[in-house]
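Let's take a friendly walk through this structure, one part at a time. Have the sequence and the 3D view open as you read.

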Amino acid sequence: MQAGYRLVTGLFALTALAFWQPESGAAMAGHDTLATPEERPAYALALHGGAGTITPDKLTPETEAAIRAKLGEALAAGEAVLSGGGSAVDAVIATITVLEDSAHFNAGRGAVFTHDGHNEMDTALMDGKTLNAGAAAGVRTVKNPIRLARAIMDHSAHVMLSGAGADRFAADQGLETAEPGYFRTERRWRQLQNALAEGKGAVLDHDGAPGEGPNGEPHKFGTVGAVALDRQGNVAAGTSTGGMTNKKYGRIGDSPIIGAGTYASNESCAVSATGHGEFFIRKTVARDVCAMMEYGGMSLSEAAERLVLKDLMDMGGDGGIIALDPKGSITLTFNSAGMYRAAVRAGEAPVIGIYEKMAPSGRDDDPAG
């Protein structure tokens, strides 16, 4: 992890949700907020690496340390772009690329397997300044799918490409590709074999016995994402995922769908989601957060709280979002026990979190604090 990346939750209020109230002090399940500063920060950045029943007893100290380090590395990569005057779009790509290259997350290198034993990845990217967007679904050969989303946005007449056609487009654009063996990790392969042996359908990272996912791992929705605000006041959002273990028939979740799992507009906010995709699609979560701000006059925090901690939960949907607005407000909201997450604003200490609240051992997300 980059020096100076403290692991902090002291800035965040994390309590159990009883009901939604927009008033200050409303009870919440997991609602981390960096409030609107008096002056817009030069830049801001937030990321997630999946949400779910992520508790200290489900991660070894070594695994937890490795995940925290990778979250810090990804945050540092995006911040380097922004502090140097780069665009929000470039910062989102730099951040997500680090997460895609890590086997700890269900995206890129760590993507889960389909029923047929393949890795099929989905991704999306949106520029809040222009409302341009690029997305891909069911790609198998692209090392960093988020870069494909950028190529689709910049160099095609379309918003979304899928399957073999998207892979061909990536090759035509000169993007780095990888053989199937690159995406094969034994942990993900065991997840598929267990699901097949137990006769399960498609399995989210959170499925399994109470408190456990496949192979005794934490319940976790496998997706990565980032949202950014640059020095020019523009926002952007991106998301990348391997989808569901044992998925069939070309299933596509919310991540590559503009307005469901990914959305950005300078008029309101930038959002990246992680969770049970079918619910996020039906509720158009990412766009709804922005619409509640744009047309309903809600703050970013109020809109995120309403969507994630009320509307989604009423439908039975689990997961979370990260979001920021052009004023520099940031929220990381989830209706599960934890979410891999991190955020930073210019002139402020970066924050990294995993759990909903202080761990039973007395460790929290600020062991030095």
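**Two helices side by side**

Helix α1 (residues 61–83) packs against helix α2 (residues 88–100) at an angle of about 160 degrees, and the two axes are 8 Å apart. Because angles over 145 degrees count as roughly antiparallel, α1 is described as roughly antiparallel to α2. The crossing of α1 and α2 is right-handed. Please keep in mind that everything here comes from a predicted model.

Which residues in α1 and α2 meet? From α1 come K70, L71, E73, A74, A77, G78, V81 and L82. On the other side, α2 brings A88, D90, A91, A94, T95, V98 and L99. Sorted by class, this contact between α1 and α2 holds 10 nonpolar, two polar and three charged residues. You can pick out examples on your screen: G78 and T95 take part in the contact, and so do the residues K70, E73 and D90.

Now turn to strand β2, which covers residues 44–52. Is β2 buried or exposed? Nine of its nine residues are buried, so β2 is largely enclosed by the rest of the structure. Here, a residue counts as buried when its relative accessible area is under 20%.

Strand β2 also has pairing partners to look for. One of them is strand β6 (residues 224–229), which runs antiparallel to β2 and is joined to it by five bridges. To find this pairing in the view, look for L45, which stands opposite A228 in β6. Strand β12 (residues 338–345) pairs with β2 as well, in the antiparallel sense and over seven bridges. A good place to spot that pairing is A46, which stands opposite A343 in β12. As a general point, side chains in a regular strand alternate between the two faces of the sheet.

Our last stop is a pair of loop residues. L131 is found in the loop between β3 (121–127) and β4 (133–139). Its backbone has a positive phi of about 65 degrees, although L131 is not a glycine. With a relative accessibility of 45%, L131 counts as partly exposed.

Where is T284 found? T284 is in the loop between α7 (277–283) and α8 (285–294). T284 has a positive phi too, of about 40 degrees, and is not a glycine. Its relative accessible area is 34%, so T284 is partly exposed.

Methods
Residues are numbered from 1 along each chain as its sequence is written. This is a predicted model: local features need pLDDT of at least 70, side-chain atom pairs count only at pLDDT 80 or more; totals for chains, interfaces and linings use all residues. Side-chain values use heavy atoms; hydrogens and water are left out. Helices (H or I, at least four residues) and strands (E, at least two) are DSSP runs, numbered from the N terminus. Buried means under 20% relative accessible area, exposed over 50%, partly exposed in between (1.4 Å probe, protein chains only). Axes are lines fitted to C-alpha atoms, for helices over the stretch in contact, and angles run from 0 to 180 degrees between N-to-C directions. Angles under 35 degrees count as roughly parallel, over 145 as roughly antiparallel, 65 to 115 as roughly perpendicular and the rest as oblique. A crossing is left-handed if the near helix is turned anticlockwise from the far one by less than a right angle, and right-handed if clockwise. Contact means heavy atoms within 4.5 Å. Ala, Val, Leu, Ile, Met, Phe, Trp, Tyr, Cys and Pro count as nonpolar, Asp, Glu, Lys and Arg as charged, and the others, Gly among them, as polar. Two strands pair if DSSP finds at least two bridges between them.
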